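Please look through the structure below with one helix and its links in mind. The paragraphs that follow take these up in turn.

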Amino acid sequence: MKTLAIAAVMFATMAAPAFADCDTRKEDEQALCAGKCEDEYVRHKQDMMADHAKLRADRLACDEKCGCPQNSKDLK
């Protein structure tokens, strides 16, 4: 019985991130939204005249709107 409980806990901890994932390679609505945020950020980041602080803020807001704030955690 203990072995079954341990296995269930291990499976739950491994599977939980997969369901809460915002991977832009997937085809679901949340991933497509996150992909658009990333594309917009990368496209404008390469512009030398861009306001990079505003780009970061827009990316953070976009990812938050999509429900994927972890995608832009490196920008803070």
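A residue counts as buried when its relative accessible area is under 20%, as exposed when that area is over 50%, and as partly exposed in between. What is shown here is a predicted model, and those cut-offs help in reading helix α3.

Helix α3 runs over residues 52-66, which makes 15 residues, and from its first C-alpha to its last it reaches 21 Å, close to the 21 Å expected at 1.5 Å a residue. Which residues of α3 are buried? They are Leu-55, Arg-59, Asp-63 and Cys-66. Because these residues cover an arc of only 65° around the axis, they are on the same side of α3. The buried residues of α3 pack against α2, the helix formed by residues 29-45, whereas Glu-64 and Lys-65, on the other side of α3, are exposed. Just after α3 comes Gly-67, which takes a positive phi of about 85°.

The helix α3 that packs against α2 through its buried residues is also joined to α2 by covalent links. How many disulfides are there, if a disulfide is a pair of cysteine sulfur atoms within 2.5 Å? By this rule the count comes to two.

One of the two is formed by Cys-33 and Cys-66, whose sulfur atoms are 1.7 Å apart. Since Cys-33 lies in helix α2 and Cys-66 in helix α3, this pair ties together parts that are 33 residues apart in sequence. The torsion about the S-S bond of Cys-33 and Cys-66 is about -60°, and therefore the disulfide is left-handed. As for the surroundings of these two cysteines, Cys-66 has a relative accessible area of 10% and so is buried, while Cys-33, with a relative accessible area of 22%, is partly exposed.

The other disulfide joins Cys-37 to Cys-62, with a distance of 1.9 Å from S to S. This pair links distant parts of the chain, for Cys-37 is in helix α2 and Cys-62 is in helix α3, 25 residues apart. The link of Cys-37 and Cys-62 is left-handed, with -75° about the S-S bond. Is Cys-37 buried or exposed? With a relative accessible area of 3%, Cys-37 is buried, whereas Cys-62, at 21%, is partly exposed.

Taken together, helix α3 has buried residues that pack against α2, and the disulfide of Cys-33 and Cys-66 and that of Cys-37 and Cys-62 each have one cysteine in helix α2 and one in helix α3.

Definitions and conventions. Residues are numbered from 1 along each chain as its sequence is written. This is a predicted model: local features need pLDDT of at least 70, side-chain atom pairs count only at pLDDT 80 or more; totals for chains, interfaces and linings use all residues. Side-chain values use heavy atoms; hydrogens and water are left out. Helices (H or I, at least four residues) and strands (E, at least two) are DSSP runs, numbered from the N terminus. The expected span of a helix is 1.5 Å times one less than its number of residues. Buried means under 20% relative accessible area, exposed over 50%, partly exposed in between (1.4 Å probe, protein chains only). The arc is that of the directions from the helix axis to the C-beta atoms. Contact means heavy atoms within 4.5 Å. A disulfide is a pair of cysteine sulfur atoms within 2.5 Å.
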